[in-house]
Structures are given as C-alpha cells and as structure tokens.
Amino acid sequence: MDCIFCKIAAGVIPSNKVYEDELCLAFYDIAPQAPVHVLVIPKTHIASADEISADNSALVAHIFEVIPKVAASAGITNGYRVITNCGEDACQSVKHLHFHILGGAHLSEQMAQDGTWIFRSSPDGEGSV
Ligand code: AMP
C-alpha cells in the first residue's frame, strides 16, 4: 500500500479523526489552511475526481451526505467551502480523492475575504488550498 491516505484509512498512519463510517473517513488536515480544515476521503482508493464514474459515484454521493455532519462535528456553524484539487495543474499533492472542508470564517475574516482558501495561488501550493 503506497498511498498515504489508504494508510490513514487503514489506521496504519494515525490521524485526528472527525468522523468515520464503513465507507469514508474525515480527519483534520495536518497543515490547516483555514481556521477549520478537515479532509474527507473514501476508504477505498480513488485517485482523484477525474476517476469518478458510474461504478463509484454512489460512494462520492455518500461522502457528500456525510459532509454536513463532518462540518457540524468540526464545530463549523456558519458555512464552509468544499474543494477538491484534481491533477497536476490543480496541484493535487495526494493522489487519493479527498475533499477539503474549509470553515471557521468568523475566526479569520481576512482569509475568507481575500480568497486564500479557494485555489492554490502558486504551483507549490504554499499558503493556500
Ligand atoms: P491536495 O494538495 O489537494 O492533494 O491536499 C492534500 C492535503 O493533505 C494537504 O492539505 C496536506 O496538508 C494534507 N495531508 C498530507 N498528509 C497528511 C496527513 N498525514 N494527515 C493529515 N493531512 C495530511
């Protein structure tokens, strides 16, 4: 198993969990780019959003059903962004499908307003998601 998020899903690498069920796992991002920054992943390996198909879209739908629970569990009370970086030009660094949940604007108005959370601002991704 060469994928870090597969290892986190399997419990081989520890994570700070927010939510878990048989299909997916949510955990805090190790390098938060917003006051609250959680990742939601399928437990089975899907490389990116580019690999979503009729065969696995029910799992993706399940993740989107879970996202409101994850946001609430993480203490997000006033809205959040859901982002997935897909492929090289989007600077996807972990090749296992994951959705960034970014919230807590009330804790950092500036980050919310200047768009820091929306897209990467540089190819190395420094400073933004
Ligand atoms: P992306 O660049 O969109 O592929 O996002 C990958 C995200 O995974 C980054 O925000 C990283 O900070 C995060 N990340 C990488 N390794 C870990 C880890 N072991 N635990 C939690 N988050 C991680």
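Does F99 count as buried or exposed, and at what relative accessibility? At 5% relative accessibility, F99 counts as buried, where buried means under 20% relative accessible area, exposed means over 50%, and partly exposed lies in between, with a 1.4 Å probe and protein chains only.

The structure is a predicted model, in which local features need pLDDT of at least 70 and side-chain atom pairs count only at pLDDT 80 or more, while totals for chains, interfaces and linings use all residues. Residues are numbered from 1 along each chain as its sequence is written, and side-chain values use heavy atoms, with hydrogens and water left out. The protein averages a pLDDT of 88, and 81% of its residues score at least 70, pLDDT being the predictor's confidence in each residue on a scale from 0 to 100. Over residues 119-123 the pLDDT stays under 50, and for this stretch the model has 13 contacts beyond four places in sequence, a contact being heavy atoms within 4.5 Å. Where pLDDT is low, the predicted coordinates should not be read in detail.

The secondary structure comes to 3 helices and 5 strands, which follow the pattern α-β-β-β-α-β-β-α when read along the sequence; helices (H or I, at least four residues) and strands (E, at least two) are DSSP runs, numbered from the N terminus. Of the 129 residues of the protein, 41% count as buried. Among contacts between residues at least 6 apart in sequence, 54% join residues at least 24 apart. The accessible surface comes to about 6900 Å², of which 53% belongs to carbon and sulfur atoms, the areas being obtained by the Shrake-Rupley method with a 1.4 Å probe and, for residues, with only the protein chains shown counting as cover.

Aromatic pairs were considered next. Rings of Phe, Tyr and Trp (its six-membered ring) pair if their centres lie within 6.5 Å, and planes under 30 degrees apart count as stacked, over 60 as edge-to-face and the rest as tilted; by this rule the count comes to 2 aromatic pairs. One of them is formed by F5 and F27, which are edge-to-face at 5.5 Å centre to centre, with 80 degrees between the planes. This pair links distant parts of the chain, with F5 in helix α1 (residues 4-10) and F27 in strand β2 (residues 24-28), 22 residues apart. Both F5 and F27 are buried. The rings of F64 and F99 have their centres 5.0 Å apart and their planes at 80 degrees, so that this pair is edge-to-face. Distant parts of the chain are again linked, since F64 lies in helix α2 and F99 in strand β5 (residues 99-103), 35 residues apart. Whereas F99 is buried, F64 is partly exposed, with a relative accessible area of 41%.

F64 also contributes to the surface, where together with Y80 and V82 it makes a nonpolar patch of about 250 Å². Patches are made of residues with over 30% relative accessible area and no salt bridge, like charges being joined within 9 Å and nonpolar side chains (Val, Leu, Ile, Met, Phe, Trp, Tyr) within 5 Å. Within this patch, V82 has its place in strand β4 and is partly exposed, with a relative accessible area of 34%.

Side chains of opposite charge can pair when their charged atoms come close. The structure holds 2 salt bridges, a salt bridge being a side-chain nitrogen of Lys or Arg within 4 Å of a carboxyl oxygen of Asp or Glu. E20 forms a salt bridge with K17, the closest N and O atoms being 3.0 Å apart; E20 is partly exposed at a relative accessible area of 37%, and K17 is likewise partly exposed at 45%. E20 also forms a salt bridge with K43, with 2.8 Å between the closest N and O atoms. The latter pair links distant parts of the chain, E20 being in strand β1 (residues 17-20) and K43 in the loop between β3 (36-42) and α2 (57-73), 23 residues apart. K43 counts as partly exposed at 24% relative accessibility, and salt bridges that share partners join K17, E20 and K43 into one network.Two loop residues complete the description. D50, in the loop between β3 and α2, counts as exposed at 61% relative accessibility, and its C-alpha atom is separated by 7.9 Å from that of G87, 37 residues apart along the chain. C91 is found in the loop between β4 (80-83) and β5 and counts as buried at 14% relative accessibility. Most residues other than glycine have a negative phi. The phi of C91, however, is near 60 degrees, a positive value in a residue other than glycine.
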